[in-house]
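I opened this notebook page to look at the ligand and its surroundings. Here is what I looked up, entry by entry.

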Amino acid sequence: MAELRATPPESRLRASLRPTYPADAPLLLRWRAEESVRRHQPLSEVSLGQLRAELALNRVDDLYRGRGDKFQWIILADAAPVGWITLVVTNWEHGLAELGYALTSAYQRRGLMVQGLNLLLADLFFHTELERIEARCSVENTGSQKVLTQLGFRREGRLRGYFVLHGERVDNYLYAILREDFVPPRPE
Ligand SMILES: CC(C)(COP(=O)(O)OP(=O)(O)OC[C@H]1O[C@@H](n2cnc3c(N)ncnc32)[C@H](O)[C@@H]1OP(=O)(O)O)[C@@H](O)C(=O)NCCC(=O)NCCS
């Protein structure tokens, strides 16, 4: 995939995406350990070697050929790596996939995730066979809910006791966006 770029006003950071590489493993390991990144989502403990091995399997070109099941991108703010997006394709026949995402603490609350996800959604709906993209988040994660709403995702339901977070079962909201819901952002 060619690098994808958003065009915010001059005063804002500009988000772009690039596929992850094995060399990103130390960065991802560091981000995954941050308290703000783990606050609302259970991230499994993985070693540097496991992360590196997983990143070595990332073949973003497969997305455009309708195959593969897990893809990852680094979010860049201007040129700096600041977070990641994961896409898991759950069913190619029906065009179903789900998103995961996070920004490192210093780059949260600066409008970057909406920019990054908008770039990815445009690419997915224009260049792949995917029809429905889902995202789930803890009912406490208001930041994530606002991001999804801004992007045009609809809240479709409450998933009771969906995952264990810090020792407690936590409800999640299920969000989804269909191809026909997606409105590409106008250049600012
Ligand atoms: C949640 C997250 C993805 C939001 O992305 P972001 O780029 O920081 O969000 P924005 O700057 O566009 O903010 C969107 C809205 O959410 C609010 N918000 C962002 N982070 C928030 C937080 N931690 N707590 C409360 N509100 C938050 C913003 O104030 C803003 O509100 P407004 O629209 O009323 O002004 C990002 O903060 C993050 O990566 N958090 C840690 C990991 C995580 O929770 N990932 C999602 C798992 S489902």
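**Around the ligand**

I sorted the shell around the ligand by class and got eight nonpolar, eight polar and four charged residues (Ala, Val, Leu, Ile, Met, Phe, Trp, Tyr, Cys and Pro count as nonpolar, Asp, Glu, Lys and Arg as charged, and the others, Gly among them, as polar). I note that this is a predicted model, where local features need pLDDT of at least 70 and side-chain atom pairs pLDDT 80 or more, while totals for chains, interfaces and linings use all residues. Residues are numbered from 1 along each chain as its sequence is written, and side-chain values use heavy atoms, without hydrogens and water.

Which residues come nearest? Of the 20 around the ligand (a heavy atom within 4 Å), they are Tyr 101, Leu 103, Arg 109, Gly 111 and Asn 141.

Next I asked which element gives the most to the shell around the ligand. I found α5, with five residues; helices (H or I, at least four residues) and strands (E, at least two) are DSSP runs, numbered from the N terminus.

**Polar contacts**

I looked for pairs of N or O atoms within 3.5 Å. A ligand oxygen lies 2.6 Å from a polar backbone atom of Arg 109. For Leu 103, I have a polar backbone atom 2.7 Å from an oxygen of the ligand, and for Gly 111 the corresponding distance is 2.8 Å. I also checked cover: the ligand taken alone exposes 890 Å², and the protein buries 78% of that (Shrake-Rupley method, 1.4 Å probe).

Key:
Polar contact = N/O pair within 3.5 Å; in protein donor to acceptor, adjacent residues only side chain to side chain.
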